Amino acid sequence: MIRRMFDDMLEANRRYAADFSLAGIPARAAKEFALVTCMDSRIEPLAMLGLGPGDAKIVRNAGGRVTPDTLRSLVLAAHYLGVRRIAVMQHTDCAMANRTDDEFRSDLVAGGGDEAEDWEFLAMPDPDRALRRDVDAVRACTLIPSDIPVEGWRYDVETGEIRRIIPA
Ligand SMILES: [Zn+2]
């Protein structure tokens with residue numbers, strides 16, 4: 001039964017809830033920080049920045065790209081959730097980097113997904129250029145207050161270090 005495939009997680013949650021300690025934390029970001037980053041399973045956004053629950057808003061997707069939906073989250077975070085500084089953090093060895101949308105499209109079409117022809121995957125054939133474009137997209141968003149600094153970072157999945165590529 002497919003449902004059983006999720007039982008390990010929900011069982012773990014019962015243990016988590018049994019000594020839950022985060023009740024009452026405000027929804028506003030205590031460190032006034034929002035991070036846009038990749039969904040990569042090697043990234044621990046809170047731990048790597050010395051943050052804990054309640055400190056920051058984390059917006060994740062494939063590549064850590066700035067899309068209309070990323071901007072939607074950042075606009076709301078800036079206006080309602082106390083965010084006053086934003087970083088876009090992409091990373092080394094990203095599955096989206098050094099590839100093109102055409103490669104993703106032809107893979108998926110070859111696997112029978114004809115509708116992939118019309119999809120935009122936001123691959124990053126040139127990672128530096130992609131990061132620049134994404135930081136610029138946040139800075140250019142007129143619904144994000146212009147006094148909010150925006151930086152571009154790259155995380156090294158082998159060393160744990162973050163490099164500041166585009167300073168605020
Ligand atoms: Zn990635």
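Let's begin with a term that will come up often: a residue counts as buried under 20% relative accessible area, as exposed over 50%, and as partly exposed in between, using a 1.4 Å probe and protein chains only. Arg 99, for instance, has a relative accessible area of 24%, so this residue is partly exposed. The model is a predicted one, in which local features need pLDDT of at least 70 and side-chain atom pairs count only at pLDDT 80 or more, while totals for chains, interfaces and linings use all residues. Residues are numbered from 1 along each chain as its sequence is written, and side-chain values use heavy atoms, with hydrogens and water left out.

Now for the overall layout. The protein has 5 helices and 5 strands; helices (H or I, at least four residues) and strands (E, at least two) are DSSP runs numbered from the N terminus. Following the sequence, you will meet them in the order α-β-α-β-α-β-α-α-β-β. The C-alpha trace spans about 55 × 50 × 35 Å along its principal axes, and 37% of the 168 residues count as buried.

Aromatic rings are a good place to step inside. Rings of Phe, Tyr and Trp (its six-membered ring) pair if their centres lie within 6.5 Å; planes under 30 degrees apart count as stacked, over 60 as edge-to-face and the rest as tilted. The whole structure contains 4 such pairs. In one of them, Phe 33 and Trp 153 have ring centres 6.0 Å apart and planes at 25 degrees, so this pair is stacked. Phe 33 sits in strand E1 (residues 33–38) and Trp 153 in strand E4 (residues 150–155), so their contact ties together parts 120 residues apart in sequence. Phe 33 counts as buried because its relative accessibility is 8%, and Trp 153 counts as buried at 14%. Elsewhere, Phe 104, Trp 119 and Phe 121 make up one aromatic cluster.

Next come the charged contacts. Side chains of opposite charge can pair when their charged atoms come close. A salt bridge here is a side-chain nitrogen of Lys or Arg within 4 Å of a carboxyl oxygen of Asp or Glu, and the structure holds 14 of them. Lys 31 and Asp 55 form one, at 3.8 Å from N to O. Lys 31 lies in the loop between H1 and E1, and Asp 55 in the loop between helix H2 (45–48) and strand E2 (56–61), so the pair ties together parts 24 residues apart in sequence. Lys 31 counts as partly exposed at 35% relative accessibility, whereas Asp 55 counts as buried at 12%.

Another salt bridge joins Asp 134 and Arg 65 at 2.6 Å, N to O. This pair links distant parts of the chain, with Asp 134 in helix H5 and Arg 65 in the loop between E2 and helix H3 (68–80), 69 residues apart. Both Asp 134 and Arg 65 are buried. Arg 99, which we met at the start, forms a salt bridge with Asp 107 (3.1 Å, N to O). Asp 107 counts as partly exposed, at 48% relative accessibility. In addition, salt bridges with shared partners connect Asp 40, Arg 42 and Asp 93 in one network.

Finally, let's look at the surface. Patches consist of residues with over 30% relative accessible area and no salt bridge, where nonpolar side chains (Val, Leu, Ile, Met, Phe, Trp, Tyr) are joined within 5 Å and like charges within 9 Å. Ile 2, Met 5, Phe 6, Met 9 and Leu 10 form a nonpolar patch with about 580 Å² of accessible area together. Leu 10 belongs to helix H1 (residues 7–18).

Notes
Areas by Shrake-Rupley, 256 points an atom, 1.4 Å probe, with all protein chains shown as cover.
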